[in-house]
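The model shown here is a predicted one. The paragraphs below go through its aromatic rings and then its nonpolar core.

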Amino acid sequence: MIKVSETAKKKVIELMQDDGYNPTTDFVRVGVKSGGCSGLSYDLKFDKENQEEDKVFVDNDIKIIVDKKSFLYLIGTTLEYSGGLNGTGFVFNNPNANRTCGCGESFSL
């Protein structure tokens with residue numbers, strides 16, 4: 001399961017509406033791909049459809065879809081949003097990551 005913090009929920013809803021997505025029916029697609037300075041990087045985008053192999057979660061009224069391969073890397077992750085002085089953006093708090101890079105956009109197990 002992937003959790004969504006309250007601050008991330010508010011930002012997701014705002015960005016979905018800005019991009020023409022409906023937060024009550026459309027999804028946030030979260031994934032993992034090869035790359036980044038630590039070996040794996042997070043992928044976050046909006047989607048109107050889920051695929052047969054996707055896992056679907058709802059947390060804090062946000063619908064999240066994750067492909068099967070990425071799910072193993074993301075179990076227990078919380079999606080947060082930071083608007084602080086060190087940068088603005090989504091942050092993945094992933095208990096499975098052994099090492100992360102300085103920017104927090106990539107990790108390794």
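Searching the whole structure gives 4 aromatic pairs. One of them joins Tyr21 and Phe46, with 5.5 Å from centre to centre and 55 degrees between the planes. An angle over 60 degrees would count as edge-to-face and one under 30 as stacked, so this pair is classed as tilted. Tyr21 sits in the loop between α1 (6-18) and β2 (27-34), while Phe46 belongs to strand β3 (residues 40-47); the pair therefore ties together parts that are 25 residues apart in sequence. Tyr21 is partly exposed, its relative accessible area being 24%.

Tyr81 and Phe90 form an aromatic pair of another geometry: the ring centres are 5.1 Å apart and the planes stand at 70 degrees, which means that the pair is edge-to-face. Neither ring residue falls under the 20% limit for buried. Tyr81 is partly exposed at 22% relative accessibility, and Phe90 is partly exposed at 24%.

A charged side chain also meets a ring: Lys55 lies over the face of Phe71, 5.2 Å from the ring centre.

The nonpolar core comes next. The largest one has 19 residues, and Val28, Val30, Ile64, Val66 and Leu74 have the most contacts inside it. Two or more residues each come from α1, β2, β3, β5 (62-66) and α2 (68-74). Leu74 can be followed further: leaving aside residues up to four places away in sequence, Leu74 touches Met1, Ile2, Val30, Gly31, Val32, Tyr42, Val66, Asn94 and Asn96. Val30 and Val66, two of these neighbours, are also named among the core residues with the most contacts.

Note on methods
Residues numbered from 1 in each chain as written. Predicted model: local features only at pLDDT ≥ 70, side-chain atom pairs only at ≥ 80, totals over all residues. Heavy atoms only, no water. Phe/Tyr/Trp six-rings, centres within 6.5 Å; stacked < 30°, edge-to-face > 60°. Helix = DSSP H or I, 4+ residues; strand = E, 2+ residues; numbered from the N terminus. Buried < 20%, exposed > 50% of the residue type's maximum accessible area, 1.4 Å probe, protein only. Lys NZ or Arg CZ within 6 Å of the ring centre and 35° of its normal. Core = buried A, V, L, I, M, F, W, Y, C linked by side-chain atoms within 4.5 Å. Contact = heavy atoms within 4.5 Å.
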